[in-house]
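Biologist: Please take a close look at one part of this model for me. I would like one connected account, starting from a single residue and working outward.

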2 protein chains.
Amino acid sequence: MSNIAFIGVGNMGGPMARNLLKAGHQVTAFDLSDAVLDPVLKAGARKGASANAAVKDADVVITMLPAGHHVRAVYLDNGVLGAAKKGALLIDSSTIDVDSARAVHTAAEKAGFLFLDAPVSGGTGGAEAGTLTFMCGGSDAAFEQAKPVLEKMGKKIAHAGGPGAGQAAKICNNMMLGISMIGTCEALALGEKLGLEAQKLFDIMSTSSGQSWSLTTYCPVPGPVPTAPSNRDYAGGFATALMLKDLKLAQTAAQSVGANTPLGAEAAQLYSLFAAAGNAGIDFSGIIRMLRGKA
Amino acid sequence: MSNIAFIGVGNMGGPMARNLLKAGHQVTAFDLSDAVLDPVLKAGARKGASANAAVKDADVVITMLPAGHHVRAVYLDNGVLGAAKKGALLIDSSTIDVDSARAVHTAAEKAGFLFLDAPVSGGTGGAEAGTLTFMCGGSDAAFEQAKPVLEKMGKKIAHAGGPGAGQAAKICNNMMLGISMIGTCEALALGEKLGLEAQKLFDIMSTSSGQSWSLTTYCPVPGPVPTAPSNRDYAGGFATALMLKDLKLAQTAAQSVGANTPLGAEAAQLYSLFAAAGNAGIDFSGIIRMLRGKA
């Protein structure tokens, strides 16, 4: 069992670290907030005095931070790359911009470390249950070494490609998710106004060319898919604020490489409007209310 | 076996009428174009001198016409509703605006006829093979009476609801299809520019929340789905001009009932740009070329 340093143990990192402890790993945890650190310490983790102190003896370092600048700050500029022991495997599971991920990859390689960008999907529910999907970018060696550790926290561990490919795959997927959810909401709301029963339109679209995960797994109107957040008034699920974050990351990446994403850009604007109307905390499928004119 | 009048035997109506003949029905066909009428006559149909003459002795009337004004012209104003025999079942399989469909429904009911709007999906391939999907709007009585006839031309016969519901379901579905196809193209094109292999991104998205029919059945880049038109340079399939027609019908319906469809409107504009650049005849998944900047 490895000695693992876990930096950033909030809503996602906390349950992920606890799953590593359950699997028998030694975990040294660090977070700026004592409130989120506490349950991880209670579950058996040791407390790191700082990020650099936490990684000192670690075989594996895992970071789960809000944004690219946090990840740069933790790894670069007298950070983890200077403090980690030789041969440590470094895994960043934060969802951040591709450019930051690649910058840290380059610096890590220069410092002699294997590094993997490995953002997740599956939300806090998946983090608790250990059923996350990891989308990984980095060398085959880094991926193979990381896989047994990631399998303690996730069900599906995908190798998307080289440095930054994990972040790239995640934002491409989630940009499509944001677009398809709004499209599904528009179709269902148009159907309502045209007098169609939601269940009948669902039955037709879900077995036809209008099918998508947004409709068949996460249907934004209550009824057809009982497990979807629409059935519990859009509580829980995937918060609008996080969808907006991913859509903005997709726009940043698109601008960085000169890609055209007209619907991705529009989806970001629509989720921004929806979040600004006080809906940042509810599930992103709730945007059907705004499209109906009853946000 | 019924005596069926078939009005409009072009790309879609032609093979549909031939499937009715194969099933043993008597068919009287009418079309303004002798060129499209010919193969249907050779297959055993009788020639109607006019639309009204064709429907005179028919038990079932089927129309397959380009737009709402054609359907109004054929049925209303001294048309089929005055010429058809008492008790005839009237089926309009054209894809037209919901308001026209409902206007003809109302007039047909007043004249004492059972009427069904029953637009199809499945394209010319589905019409030839007799595997179309019919989306039907009208009374239970009209639907039950039409079903055995429609089954000779299609594989799936869905009852979407009352008058106009078939048209409504089709445009809701196809609006979502247009949106999800552009979204899928944007995600794949962004992935390319970020250095992701198409097959790897396909593998991740197709088993994740970015999944849609556009990706998994009709993948707009060649390789992952060998039957998709992308593998034959976007020939055949579902023509951009027809997708644009359906997106415009969705916009007309949305404006008619006051529905908000921001991505549907944008999709219509993007397909309009793509068609205007000389791509009206190629499959609608070819829009990835425009998004890449190589239209």
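**The loop after helix α12 of chain B**

Modeller: Start with T261(B), which sits in the loop joining α12 and α13 of chain B. Keep in mind that this is a predicted model. Is T261(B) buried or exposed? T261(B) is buried, because its relative accessibility is 6% and the cut-off for buried is under 20%. Leaving out residues up to four places away in sequence, T261(B) touches M175(B), Q251(B) and A254(B). T261(B) also touches E186(A), a residue of the other chain. One of these partners, Q251(B), is 10 residues away in sequence. The C-alpha atoms of T261(B) and Q251(B) are 7.8 Å apart.

Now step back to the helix before the loop. In chain B, helix α12 covers residues 240–257. It has 18 residues, so at 1.5 Å a residue it should span 26 Å. Its end C-alpha atoms are 26 Å apart, in agreement with that. Just after α12(B) comes G258(B), with a positive phi of about 70°.

Which residues of α12(B) are buried? They are T240(B), M243(B), L244(B), D246(B), L247(B), L249(B), A250(B), Q251(B), A253(B) and A254(B). Two of the names are already familiar: Q251(B) and A254(B) are contacts of T261(B). Within chain B, the buried residues of α12(B) pack against α6 (98–110), α9 (165–193) and α13 (262–279). They also pack against α9 (165–193) of chain A.

Go to the other end of the helix. Y234(B) lies in the loop between α11 (213–216) and α12 of chain B. Y234(B) is not a glycine, yet its phi is positive, at about 65°. Most residues other than glycine have a negative phi. Y234(B) is buried, with a relative accessible area of 4%. Set N78(B) beside it. N78(B) is in the loop between α4 (68–75) and α5 (80–83) of chain B. Its phi is near 60°, again positive in a residue other than glycine. But N78(B) is exposed, with a relative accessible area of 76%.

Next, the matching helix in chain A. Helix α12 of chain A also covers residues 240–257. Its 18 residues reach 26 Å from the first C-alpha to the last, close to the 26 Å expected. G258(A), just after α12(A), has a positive phi of about 70°. Among the buried residues of α12(A) are T240(A), M243(A), L244(A) and L247(A). The buried residues of this helix pack against α6, α9 and α13 of chain A, along with α9 of chain B.

Y271(A) ties several of these pieces together. It touches T240(A), M243(A), L244(A) and L247(A), among others. Its contacts also include G178(A), M181(A), I182(A), F284(A) and I287(A). The largest nonpolar core has 108 residues. Y271(A), I287(A) and Y271(B) have the most contacts inside it.

H105(A) gives a look at α6, one of the helices that α12(A) packs against. H105(A) is in helix α6 (residues 98–110) of chain A. It is buried, at 7% relative accessible area. Beyond its neighbours within four places in sequence, H105(A) is in contact with F115(A), L116(A), D117(A), G137(A), G138(A), P163(A) and G164(A).

Last, the interface. How many residues of chain A are in contact with chain B? There are 61, in contact with 60 residues of chain B. The area buried between the chains is about 4800 Å², with 67% of it from carbon and sulfur atoms. In chain A, M176(A), L194(A) and L263(A) lose the most area to chain B. Together they account for 14% of what that side buries.

How do the two chains relate? Chain A superposes on chain B by a rotation of 180°, with 0.0 Å of shift along the axis and an RMSD of 0.0 Å. The two copies are therefore related as by a two-fold rotation axis. In chain A, S212(A) has the C-alpha nearest the axis, at 1.9 Å. The same surface serves both copies, since 98% of the contact residues of chain A recur in chain B.

As for confidence, the mean pLDDT of chain A is 97, and 99% of its residues reach 70 or more. The model scores ipTM 0.95 and pTM 0.95.

How values were computed. Residues are numbered from 1 along each chain as its sequence is written. Chains are lettered from A and ligands numbered from 1 in the order in which they are written. This is a predicted model: local features need pLDDT of at least 70, side-chain atom pairs count only at pLDDT 80 or more; totals for chains, interfaces and linings use all residues. Side-chain values use heavy atoms; hydrogens and water are left out. Copies are superposed by least squares on the C-alpha atoms of residues with pLDDT of at least 70 in both. Contact means heavy atoms within 4.5 Å. Helices (H or I, at least four residues) and strands (E, at least two) are DSSP runs, numbered from the N terminus. The expected span of a helix is 1.5 Å times one less than its number of residues. Buried means under 20% relative accessible area, exposed over 50%, partly exposed in between (1.4 Å probe, protein chains only). A nonpolar core is a set of buried Ala, Val, Leu, Ile, Met, Phe, Trp, Tyr and Cys residues joined through side-chain atoms within 4.5 Å. pLDDT is the predictor's confidence in each residue, from 0 to 100. Buried area is the accessible area (1.4 Å probe) that two parts lose on being put together, summed over both.
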